[in-house]
Amino acid sequence: MTNKQATPPATTTPVRHTRPHRHAWRRDLVELAAVFTAVAVADALANLVAHGPDGSFLLVASAAALIATAAFHTWWARRHSHAPPSTVTDGTGDASDTGGATGHGIAGTGGEARGTALWRMRTTVRDEPGSLAVLCAALAGHRVDILTLQTHPLADGTVDEFLLRAPAQLSAAALSRAVAAAGGADTWTERADAHDLVDAPTRILGLATRTALDAAELPLALRQLLGRCTIHSRPSVSLTGRAQGEPAPVEGVLEETSMRLRDPGGGTITIDRPHLPFTPTEFARARALVELDALLGPRVPRGEDVLTLPEGNEITVRRAGPGDLAAAKDMHERCSPRTLSLRYHGPVADADRYLGHLLSPRYGRTLAVQTASGRLVALGHLLWDGDETEVALLVEDSWQRRGIGSLLLRRLTALAAEARCDSVYAITQASNTGMVAAMRGLGLPLDYQIEEGTVVVTARLGEPASPGASALPGPVERR
């Protein structure tokens with residue numbers, strides 16, 4: 001399989017809307033009345049000065065009064081400015097007040113204002129007093145605001161990880177040059193988003209909580225902890241019963257852009273990030289998450305939904321785990337060879353071997369459908385496959401064409417979107433029109449790859465549904 005990445009949506013420049021002036025005729029009448037009043041007062045003063053005995057004194061007094069009035073107005077204007085605050089438009093196009101907002105050097109404000117961009121930057125500096133101050137001064141010289149800062153100590157230096165708000169016109173190359181001039185080395189920059197505004201301790205605690213509630217969350221938590229990386233879980237024994245090498249040591253192994261950790265379920269978890277070396281701090285955090293998972297043991301969240309099929313039968317949808325292995329094998333025995341062949345793309349006799357792998361929360365999430373009598377009639381799998389995510393379905397023959405497959409596929413896709421996956425793909429045979437129709441029923445942009453009778457259908461998540469897509473008929477949910 002080749003890596004498939006979703007295309008980011010195009011950005012649009014917000015349009016500033018100005019509110020039209022209302023009731024302008026009232027202001028004109030007031031100004032006209034003021035002009036007439038001023039003319040009348042000037043005429044009265046002129047007559048008084050021309051015909052009165054104290055004309056010169058009145059002129060001097062009037063001048064002094066005007067000067068005093070001007071001075072008072074100047075003092076009052078400085079203390080009580082009536083100038084409207086400057087406004088900029090945020091990402092939604094609404095105006096927001098920026099009057100008095102300035103950079104904070106270390107702590108910044110919340111949302112990204114117009115004319116700025118968020119960046120994640122990592123650079124290595126010398127472990128010497130004042131080296132960080134020089135770097136911060138260089139960033140301040142380019143009007144770059146440091147929102148968060150994390151330090152990763154090394155044997156011969158320190159890796160500093162920043163979240164920055166920089167002027168929009170400042171490019172990544174210019175930012176790297178400024179950092180290099182201030183003593184930074186091995187600088188890496190990447191555009192950030194609002195999710196990066198969460199501070200590191202809060203984010204790590206959240207990932208630990210998710211891992212504690214669901215064993216299937218461990219690979220996702222590691223990916224969110226370490227950024228863009230590829231994670232592979234390799235069991236100690238293959239599906240055919242063959243040993244697959246020595247597992248990683250208990251303390252793990254860190255090798256520049258790769259780390260290996262012992263999988264609590266047996267085997268090895270390998271994490272690769274070729275574009276950026278791992279630091280000892282990141283290695284310690286990843287190992288702590290894995291140790292937490294091992295301490296808690298196998299676990300699957302509880303919870304189920306009861307649904308009614310169009311013909312009136314009730315079914316229950318819930319998470320499945322290793323405890324469902326016997327029921328899943330019984331379902332295999334009731335399925336026809338063609339159904340198993342469409343699902344597993346290989347010899348039917350090998351189908352049972354995959355169940356232990358598929359039902360393990362280490363490799364993904366599984367949804368089970370059971371009848372009111374408790375018999376398992378369908379399984380839906382969401383499998384972590386390195387950088388990609390696979391969906392797969394198996395519905396017992398007598399329960400097919402009732403909307404169960406479409407229901408499972410929609411729920412699995414929702415789980416993938418919740419896990420921030422960019423896309424999901426399904427591998428099936430060209431003759432499996434039911435699976436292709438179910439993927440089309442999602443209403444998501446689809447990509448097709450066809451080779452020697454095998455079809456790979458990829459659905460890109462996070463993009464709007466196609467206007468012509470319609471929901472397939474399916475069960476009615478009863479909570």
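These legends accompany close-up views of a predicted model.

**View 1. An open sheet of 4 strands.** The strand order is 7-10-9-8, and the pairing is antiparallel. Strand 7 (230-234) and strand 8 (253-255) form the edges, each pairing on one side only. On average, neighbouring strands of this sheet are turned by 15 degrees against each other, direction ignored. Strands of a sheet pair through backbone hydrogen bonds.

**View 2. The pairing of strand 8 with strand 9.** Strand 9 covers residues 258-262. Strand 8 and strand 9 run antiparallel and are joined over 3 bridges. Within this pairing, valine 253 stands opposite arginine 260 of strand 9. Helix 7 (residues 280-296) packs on the sheet here, touching strand 8 and strand 9. The direction of helix 7 makes about 25 degrees with that of strand 9.

**View 3. Helix 6 across the sheet.** Helix 6 spans residues 218-226. It lies across strand 7, strand 9 and strand 10 (268-272). Relative to strand 10, helix 6 runs at about 25 degrees.

**View 4. Arginine 191 and tryptophan 119.** The charged end of arginine 191 sits over the ring of tryptophan 119. The distance from that charged end to the ring centre is 5.2 Å.

**View 5. Arginine 402 and tryptophan 399.** Here arginine 402 lies over the face of tryptophan 399. Its distance from the ring centre is 4.4 Å. As for pairs between aromatic rings, the structure holds 0 of them.

**View 6. The surroundings of proline 322.** Proline 322 is located in the loop between strand 12 (314-319) and helix 8 (325-334). What does proline 322 touch, not counting residues up to four places away in sequence? The contacts are Leu359 and Pro361. Serine 360 is 38 residues from proline 322 in sequence, yet the two are 5.8 Å apart in space, C-alpha to C-alpha. Proline 322 has a relative accessible area of 48%, so it counts as partly exposed, short of the 50% above which a residue is exposed.

**View 7. Two cysteines, one buried and one partly exposed.** Cysteine 335 has a relative accessible area of 7%, and is therefore buried under the 20% cut-off. Cysteine 136 has 21%, so it falls in the partly exposed class. The structure holds 0 disulfides, which means that no pair of cysteine sulfur atoms lies within 2.5 Å.

Definitions and conventions:
Residues are numbered from 1 along each chain as its sequence is written. This is a predicted model: local features need pLDDT of at least 70, side-chain atom pairs count only at pLDDT 80 or more; totals for chains, interfaces and linings use all residues. Side-chain values use heavy atoms; hydrogens and water are left out. Rings of Phe, Tyr and Trp (its six-membered ring) pair if their centres lie within 6.5 Å; planes under 30 degrees apart count as stacked, over 60 as edge-to-face and the rest as tilted. A charge sits over a ring if NZ of Lys or CZ of Arg is within 6 Å of the ring centre and within 35 degrees of the ring normal. Buried means under 20% relative accessible area, exposed over 50%, partly exposed in between (1.4 Å probe, protein chains only). Two strands pair if DSSP finds at least two bridges between them. Helices (H or I, at least four residues) and strands (E, at least two) are DSSP runs, numbered from the N terminus. Axes are lines fitted to C-alpha atoms, for helices over the stretch in contact, and angles run from 0 to 180 degrees between N-to-C directions. Contact means heavy atoms within 4.5 Å.
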